[in-house]
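Colleague: I have the model open and would like to go through the helices and salt bridges with you. Can we start with one of the charged residues?

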Amino acid sequence: MSHTPTDYLSALRRQLGGHTSLSATEITDTLDEHRDLITELAATGADLGDELGDPQSYAEATAAEFDTMDEGPDTAEKSQGSLGGVPFDFRGFRSRGARRRIWAPQDPRIFQPHLFGLGWSINLGAVAVRLGLIRPDDIDADVVAAIPTPVMEAARAVPAILTAAAALTLAAGWRELPTTVPLNFTLGGEPRGRRYPKAVTLALPAAGAGLSALPYLPSTRADREDALRAASVGALIGAGTLGTAASLVAGARGHRRPGLFSTAALGLGIAASVGVLIGPFWAGLGRVWRHEGVR
């Protein structure tokens, strides 16, 4: 089947957005890079399908370059896949390819492979579309570029603020903590599972600090959309760290159901994780609409 350049690029855009979870900036840049090639091929009278393959195969091949950009093909093949039909990914939060799945509004699939480990995570972009907060094609390179710098900096800072609050909470109650502490709680607030030496709790703010640094790394900072994804992950982990720290201190002070702080932190983490993404994108979208005279 032959395709005109317009048909081919439209199909390519749909495939990139619907099947690869690429960022809006990456989709725009990729289409720009390939537009000249497709136009030149069409001008020579060549059949685009014969030269480039069908749009789906072409899009998947293009997306595969992004999927292995950071790790290399051998590493990516070993660190992600499926086991008994359940997806796994052990590339970790530092992988851009893994982080793309947390915010992919052009991909209608809500459940995506875990950012780390075995199972599924939630595609917040698909949820936002289902709730009517945005449309799948609202977020493009122009919108991302239009996000005000103060808004971007505020979003980047959210994980660090939550992690700092967790560290201060832990420091304030450190002397009151028993020699062993629980790290898991039921939704009803009661401790469950084994207890750990209290020194283990120092790893909580340390892990939060590491994730808080992600949005500021040069490789992440250069891609605003990816920086917001990293901040979203960091906000979720930071809130969880704060909830655990508050639960430990509350338990040491005699609270009967100290884990309720962790339960509350779960809601805080979800709200912060979504807000870090939606807020800046709304700000950028508003600026673009005002510039274009859209009400």
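Modeller: Start with E153. At 28% relative accessibility, E153 counts as partly exposed. Keep in mind that this is a predicted model.

Colleague: Which side chain does E153 meet in a salt bridge?

Modeller: R156, with 2.8 Å from N to O. The two are 3 residues apart in helix α9, so about one helical turn separates them.

Colleague: And R156, buried or exposed?

Modeller: R156 has a relative accessible area of 4%, so it is buried, the limit being under 20%.

Colleague: How many salt bridges are there by this rule?

Modeller: The count comes to 4. Another one joins the side chains of E176 and R253, at 3.0 Å from N to O. That pair links distant parts of the chain, 77 residues apart: E176 is in the loop between α9 and β6, and R253 is in the loop between α12 and α13. E176 is partly exposed at 38%, while R253 counts as exposed at 52%.

Colleague: Where do R229 and E225 lie?

Modeller: Both are in helix α12, 4 residues apart, about one turn of the helix. Their side chains form a salt bridge of 3.5 Å, N to O, and both residues are buried.

Colleague: Back to α9. How many residues has it, and what does it reach end to end?

Modeller: α9 has 24 residues and reaches 34 Å from its first C-alpha to its last, close to the 34 Å expected.

Colleague: Where does α9 bend?

Modeller: At A157, by about 35°, and the proline P159 follows within four residues. Both A157 and P159 are among the buried residues of α9, as are M152 and L162.

Colleague: What covers the buried residues of α9?

Modeller: The cover includes α10, α11, α12 and α13. A160, also in α9, is partly exposed at 32% relative accessibility. The C-alpha atoms of A160 and G234 are 8.0 Å apart, with their positions 74 residues apart in sequence.

Colleague: Since α12 came up again, what does S232 touch?

Modeller: Leaving out residues up to four places away in sequence, S232 touches I102, L124, S273, V276 and L277. S232 sits in α12 and is buried, at 0% relative accessible area.

Colleague: Now α13. How many residues does that one have?

Modeller: 33, running from 260 to 292. α13 reaches 47 Å between its first and last C-alpha, close to the 48 Å expected. A kink of about 30° is centred on G275, and the helix is followed by G293, whose phi is positive, near 75°.

Colleague: Which residue is 9.4 Å from G279, C-alpha to C-alpha?

Modeller: M152, which is 127 residues away in sequence. G279 has its place in α13 and counts as partly exposed, at 31% relative accessibility.

Colleague: What makes up the nonpolar surface patch?

Modeller: L187, L236, L266 and I270, with an area of about 390 Å². Of these, L266 is found in α13 and is partly exposed, at 46%.

Colleague: Last topic, the chain overall. How many helices and strands?

Modeller: 13 helices and 7 strands. Buried residues make up 45% of the 295 in the chain. The accessible surface comes to about 14,900 Å², and 59% of that belongs to carbon and sulfur atoms. Among contacts with a separation of 6 or more, 65% are between residues 24 or more positions apart.

Notes
Residues are numbered from 1 along each chain as its sequence is written. This is a predicted model: local features need pLDDT of at least 70, side-chain atom pairs count only at pLDDT 80 or more; totals for chains, interfaces and linings use all residues. Side-chain values use heavy atoms; hydrogens and water are left out. The expected span of a helix is 1.5 Å times one less than its number of residues. The bend at a residue is the angle between axes fitted to the seven residues ending there and the seven starting there. Patches are made of residues with over 30% relative accessible area and no salt bridge: like charges are joined within 9 Å, nonpolar side chains (Val, Leu, Ile, Met, Phe, Trp, Tyr) within 5 Å. Accessible areas come from the Shrake-Rupley method with a 1.4 Å probe; for residues, only the protein chains shown count as cover. Buried means under 20% relative accessible area, exposed over 50%, partly exposed in between (1.4 Å probe, protein chains only). Contact means heavy atoms within 4.5 Å.
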